[in-house]
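The briefing below goes through one model topic by topic, with strands, ligand contacts, charged pairs and cysteines taken in turn. Please keep the sequence and the coordinates at hand while reading.

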Amino acid sequence: MIKKKFEIKNLTVGYNKKTVIHDLNLDIYQNEVLAIIGPANSGKSSLLRCLNRMTDFNTEVNVSGTVLLDGENIYEDEDSTFLRRRVGMVSPLPVGLPMTIKENVTYAPRMAGCKDQRELDFIMEDCLKKAALWDEVKDRLNGLATKLSGGQQQRLTIARALSHHPEVLCLDEFSIAIDPVTTMKIESVLHELKKSITIVMVTNVISQAKRLGDRTAMMLNGKILDLDQNDKIFGGHTKDSRTKDYIEGLFG
Ligand SMILES: Nc1ncnc2c1ncn2[C@@H]1O[C@H](COP(=O)(O)OP(=O)(O)OP(=O)(O)O)[C@@H](O)[C@H]1O
Ligand SMILES: [Mg+2]
């Protein structure tokens, strides 16, 4: 039987009094790539942020319902720091920490107590290679991360997320500032990674959902309109005609 990594039940999310996710139910399976598509403002990022309680940092947000990770409610624990190590998040706009490239990628393992320089160097190189950034930065590892280009900072964020060895990687429009060739390199890494982790990927690029996803969910107005295996969703067998129209660029 396929293991459920996340079980989301009756999730409702609001900012102040405005509800943006309505009573949403969703299971995410272990080792799948779940792509989430849908027009702007449909609640894709809001849903993703609930998976590692990024919502804790916003006092205006209200979350109700349950989000189970490996069967345990992630909203029950006082401290969500450990959760964010298990569930990594890559946001659409890169946020390089104001430190060197090396310090950025080794920050998480150092915080976790790793002091062995050789091991830290290994983790750094491995994560930077997986994020398709190593070749561009290997000669300037002690340079400031904030001086990298937008696309490079985006890839650094991916490397940093991987340095936590997350069980789940949430990607919110990760390729927004990355050129197509580099995007394909990262996509092939993600394809490899799903053997060991679960990937939840919000994307506005329909072809990316089609290439990378095992299943695709279509969101609209804070609800999941459609959710199915990719061959169904992209083979014209959508449950809701608006999903097909959105994929074909006729709606959204
Ligand atoms: N931090 C916030 N504070 C207040 N309202 C917010 C916040 N984040 C999102 N919203 C609102 O929630 C709704 C859903 O936004 P969300 O960012 O989840 O949509 P999205 O599907 O990711 O859209 P996009 O494709 O444009 O990124 C929008 O109406 C938005 O204005
Ligand atoms: Mg968004």
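Which residue takes a positive phi in the hairpin of strand 1 and strand 2? In this predicted model, the residue is Asn16, whose phi is positive and near 50°, in a hairpin that has two residues between the strands. The points that follow start from this hairpin and its sheet, and then move to the remaining topics.

**The sheet around strand 1**

- Strand 1 (residues 4–15) and strand 2 (residues 18–29) run antiparallel and are joined by eight bridges, and within this pairing Tyr15 stands opposite Lys18 of strand 2.
- Strand 1 also pairs with strand 4, again in the antiparallel sense and over eight bridges, and here Tyr15 stands opposite Val61 of strand 4.
- These pairings belong to an open sheet of four strands, which has the order 2-1-4-5 and antiparallel pairing.
- Strand 2 and strand 5 each have a single partner strand and stand at the edges, so that one side of each is left without a neighbour in the sheet.

**Strand 9 and its partners**

- All six of the six residues of strand 9 are buried, and the strand is therefore largely enclosed by the rest of the structure.
- In a regular strand, the side chains alternate between the two faces of the sheet.
- In strand 9, Arg215, Ala217 and Met219 point one way while Thr216, Met218 and Leu220 point the other way, and all of them are buried.
- Strand 3 (residues 33–37) pairs with strand 9 in the parallel sense over four bridges, with Ile36 standing opposite Ala217 of strand 9.
- Strand 10 (residues 223–229) pairs with strand 9 in the antiparallel sense over six bridges, and the bridge partner of Thr216 in strand 10 is Asp228.
- The hairpin of strand 9 and strand 10 has two residues between the strands, and in this hairpin Asn221 takes a positive phi near 50°.

**Surroundings of ligand 1**

- There are 14 residues around ligand 1, of which Lys18, Asn41, Lys44, Ser45 and Ser46 come nearest.
- Lys18, which stands opposite Tyr15 in the strand pairing described above, has a side-chain N or O atom 2.8 Å from an oxygen atom of ligand 1.
- For Asn41 it is a backbone N or O atom that lies 2.8 Å from an oxygen atom of ligand 1, whereas for Asn58 an N or O atom of the side chain is 3.2 Å from a nitrogen atom of the ligand.
- Ligand 1 exposes 630 Å² when taken alone, and the protein buries 68% of that area.

**Salt bridges**

- Side chains of opposite charge can pair when their charged atoms come close.
- A search of the whole structure finds 20 salt bridges, including one between Lys5 and Asp70, whose closest N and O atoms are 3.0 Å apart.
- Because Lys5 lies in strand 1 and Asp70 in the loop between strand 4 (61–69) and strand 5 (72–73), this pair ties together parts that are 65 residues apart in sequence.
- Lys5 is buried at 6% relative accessibility, while Asp70 is partly exposed at 30%.
- Asp56 and Arg53 meet through their side chains in a salt bridge of 3.0 Å, N to O, where Asp56 is partly exposed at 36% relative accessibility and Arg53 is buried at 6%.
- The side chains of Lys194 and Asp214 form a salt bridge of 2.8 Å, N to O.
- This pair links distant parts of the chain, 20 residues apart, with Lys194 in the loop between helix 7 (180–193) and strand 8 (198–202) and Asp214 in the loop between helix 8 (206–212) and strand 9 (215–220).
- Lys194 is buried, with a relative accessible area of 17%, and Asp214 is partly exposed, with 24%.
- Lys3, Lys5, Asp70, Arg86 and Glu167 are joined into one network by salt bridges that share partners.

**Cysteines**

- With a disulfide taken as a pair of cysteine sulfur atoms within 2.5 Å, the count comes to zero.
- The closest cysteine sulfur to that of Cys50 is in Cys170, at 11 Å, which is too far for a bond, and Cys50 is buried at 0% relative accessibility.
- The sulfur of Cys114 is likewise too far for a bond, because the closest cysteine sulfur, in Cys127, is 12 Å away; Cys114 is buried, with a relative accessible area of 14%.

Note on methods
Residues are numbered from 1 along each chain as its sequence is written. Chains are lettered from A and ligands numbered from 1 in the order in which they are written. This is a predicted model: local features need pLDDT of at least 70, side-chain atom pairs count only at pLDDT 80 or more; totals for chains, interfaces and linings use all residues. Side-chain values use heavy atoms; hydrogens and water are left out. Two strands pair if DSSP finds at least two bridges between them. Buried means under 20% relative accessible area, exposed over 50%, partly exposed in between (1.4 Å probe, protein chains only). A residue is near a molecule or strand if one of its heavy atoms lies within 4 Å of it. A polar contact is a pair of N or O atoms within 3.5 Å; within protein, one must be able to donate a hydrogen and the other to accept it, and residues adjacent in sequence count only if both atoms are side-chain atoms. Accessible areas come from the Shrake-Rupley method with a 1.4 Å probe; for residues, only the protein chains shown count as cover. A salt bridge is a side-chain nitrogen of Lys or Arg within 4 Å of a carboxyl oxygen of Asp or Glu.
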